[in-house]
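User: I would like a close look at one part of the model shown below, with its surroundings described from that part outwards. Please give the cut-offs of any terms you use.

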Amino acid sequence: IIAEKSFDKWRIDTFLISCRIIGKGVEETLLAYIIEIAMKEKAVCLLGEFIPTSKNAAARDFYKKNSFKLIQKDNTHEIWKYDLSNGYNYPDFIKIVMKN
């Protein structure tokens, strides 16, 4: 994930994941991690951009399935917004271990 950070708003610029693991909870785990960090840094929202292509059709509904709200759409892209005051949980079956 490549994210652009500002004080109150973060924007997901790039979210790359192998098609072989889509649907196994990895993408939600990465999203939960980004949301956790953004919240710690006092951001209030997270934006995600989706640019439809033939190669990313499997990700079309990712933002919608993860409670982002569509705020802009045209023929070339969509902008989705997540309100960080909602928080976000890691998938139940994944245990995150942070080492310092």
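Is A43 buried or exposed, and what is its relative accessible area?

Analyst: A43 is buried, because its relative accessible area is 8%; buried means under 20%, exposed over 50%, and partly exposed in between, computed with a 1.4 Å probe on protein chains only. The model is predicted, so local features need pLDDT of at least 70 and side-chain atom pairs count only at pLDDT 80 or more, whereas totals for chains, interfaces and linings use all residues. Residues are numbered from 1 along each chain as its sequence is written, and side-chain values use heavy atoms, with hydrogens and water left out.

The position of A43 comes first. A43 belongs to the loop that runs between helix 1 and strand 3; helices (H or I, at least four residues) and strands (E, at least two) are DSSP runs numbered from the N terminus. Once neighbours within four places in sequence are set aside, the contacts of A43 (heavy atoms within 4.5 Å) are F7, D8, K9, W10, A38 and L84. Of these contacts, W10 lies in strand 2 (9-14), A38 in helix 1 (26-40), and L84 is one of the five core residues that touch the most other members. F68, which is also among those five, is 25 residues from A43 in sequence, and the two C-alpha atoms are 15 Å apart.

The same loop between helix 1 and strand 3 also holds K42. K42 counts as exposed, because its relative accessibility is 57%, whereas A43 is buried at 8%. The backbone of K42 has a phi near 70°, a positive value in a residue other than glycine.

Strand 3 (45-50) follows this loop. Five of the six residues of strand 3 are buried, so this strand is largely enclosed by the rest of the structure. Strand 3 pairs with strand 2 in the parallel sense over four bridges, where pairing requires that DSSP find at least two bridges between two strands. Within this pairing, W10 has L46 of strand 3 as its bridge partner. W10 thus links two parts of the description, as a contact of A43 and as the bridge partner of L46.

Strand 2 also pairs with strand 1 (residues 2-5), in the antiparallel sense and over four bridges. Strand 1 and strand 2 make up a hairpin that has three residues between them. Opposite R11 of strand 2 stands E4.

L46 leads on to the largest nonpolar core, a set of buried Ala, Val, Leu, Ile, Met, Phe, Trp, Tyr and Cys residues joined through side-chain atoms within 4.5 Å. This core has 16 residues, and those that touch the most other members are L31, L46, Y63, F68 and L84. At least two core residues come from each of strand 2, helix 1, strand 3, helix 2 (62-65) and strand 5 (78-83). The greatest contribution is that of helix 1, with four residues. For L31, the contacts beyond four places in sequence are I12, F15, L46, F62, N66, F68 and Y88.

The description now turns to the other end of the chain. S67 is found in the loop between helix 2 and strand 4 (69-73). Like K42, S67 is not a glycine yet has a positive phi, here about 70°. S67 is partly exposed, because its relative accessible area is 45%. N86, in the segment after strand 5, is exposed at 53%. N86 and S67 are 19 residues apart along the chain, and their C-alpha atoms are separated by 9.4 Å.

K69 is located in strand 4 and is exposed, with a relative accessible area of 58%. Residues up to four places away apart, K69 touches I79, W80 and K81. Strand 4 and strand 5 pair in the antiparallel sense over four bridges, and four residues join them in a hairpin. W80 in strand 5 is the bridge partner of L70. K69 and G48 are 21 residues apart along the chain, with 9.8 Å between their C-alpha atoms.

To return to the request, A43 is a buried residue in the loop between helix 1 and strand 3, and its contacts include W10 and L84.
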